[in-house]
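User: Please take a close look at one loop of this model, and then set that loop in the context of the strands and the chain around it.

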Amino acid sequence: MKDILIISDLHLSRGRPATIDLFLRFLKEQAQNAGYLYILGDLFDAWIGDDDITPPVPEIIEGLHHLSKQGCVLSIMHGNRDFLLGEVFANATGCTLIPDPSVVDLNGTPTLLMHGDLLCSDDKEYLQARKLLRSKDFIADFLSRSIAERLQLAAEYRKRSGEVVSLKSADIMDVNQLTVADYMQENGVQQLIHGHTHRPALHQFLLDGKEAKRYVLEDWHETYGSYIRVNGKNISQETFR
Ligand SMILES: [Mn+2]
């Protein structure tokens with residue numbers, strides 16, 4: 001049985017070449033030997049549409065495509081910064097875009113995978129903005145504009161509202177425990193894995209009188225990246241350098 005690897009919040013961008021190199025090496029040295037790789041959102045620091053293929057996008061697509069060609073099953077979830085990743089990207093990389101939330105079977109343990117922003121329900125303003133930004137109308141209008149215009153719009157959003165109405169968002173918020181319990185109960189799981197908050201941890205608590213676990217992934221840095229490895233029944237939080 002091959003290992004399952006889970007990562008999130010790499011925030012890849014042209015301005016962080018060391019993190020890109022680290023990630024491409026991770027694909028070759030770790031993911032290639034695994035059976036599955038899940039990327040739970042914010043792979044990119046910003047994504048304004050699949051047609052913007054300025055560097056470093058091509059080399060990242062190539063790295064992911066090489067991985068999936070080697071037989072690793074690649075699943076990618078939208079984050080709040082790259083929710084415009086679409087079918088063109090999916091086809092180019094060989095990945096499947098999976099919904100947020102998704103329930104997967106991690107070697108016998110049903111597990112809820114989320115990016116994590118939906119769990120930060122104390123930030124009502126953000127969830128409102130999220131709804132608007134992900135509406136069909138907004139997306140269609142945004143994508144109909146030129147790349148230059150989209151880049152400008154994204155920059156304006158960021159400037160105007162600091163955090164809220166932008167392709168970035170309130171990474172500072174933490175999850176609401178009641179919302180965590182709601183999502184887990186609705187999906188019938190005792191285990192949840194998510195990113196977004198940049199507060200890596202393993203939280204253990206009781207849900208319906210039974211032991212429940214919430215793993216929080218760490219965001220990636222220039223010198224190291226964090227990932228979860230599922231090996232048989234064993235789940236570990238590991239570091240790649
Ligand atoms: Mn995020």
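Analyst: Proline 56 lies in the loop between β2 and α2 (57-69), where helices (H or I, at least four residues) and strands (E, at least two) are DSSP runs numbered from the N terminus. A cis peptide bond joins proline 55 to this proline 56, with omega at about 10 degrees. This is a predicted model, in which local features need pLDDT of at least 70 and side-chain atom pairs count only at pLDDT 80 or more, while totals for chains, interfaces and linings use all residues. Residues are numbered from 1 along each chain as its sequence is written.

Aspartate 42 also lies in the loop between β2 and α2, and its phi is near 55 degrees, a positive value in a residue other than glycine. Aspartate 42 is buried, with 31 other C-beta atoms within 10 Å; a residue is called buried if 20 or more other C-beta atoms lie within 10 Å of its own, exposed if 12 or fewer, and partly exposed in between, with C-beta atoms placed from the backbone.

Elsewhere, aspartate 208 likewise has a positive phi near 55 degrees, and it lies in the loop between β8 (201-207) and β9 (210-216). Aspartate 208, however, is exposed, with 9 other C-beta atoms within 10 Å. The peptide bond from aspartate 100 to proline 101 is cis, with omega near 5 degrees, and proline 101 is found in the loop between β4 and β5 (102-106).

Turning to the strand that leads into the loop, β2 (residues 36-40) runs parallel to β1 (residues 4-7), and four bridges join the two; strands count as paired if DSSP finds at least two bridges between them. Within this pair, isoleucine 4 stands opposite tyrosine 36 in β2. Both strands belong to an open sheet of six strands with mixed pairing, in the order β4-β3-β2-β1-β10-β11. The edges are β4 (96-98) and β11 (234-240), each of which has a single partner strand, so one side of each is left without a neighbour in the sheet.

As for the chain as a whole, there are seven helices and 11 strands, and 34% of the 241 residues count as buried. The radius of gyration, taken over C-alpha atoms, is compared with a globule rule of 2.2 Å times the number of residues to the power 0.38; for 241 residues a compact globule would have a value near 18 Å, and the 17 Å of the protein chain agrees with this.
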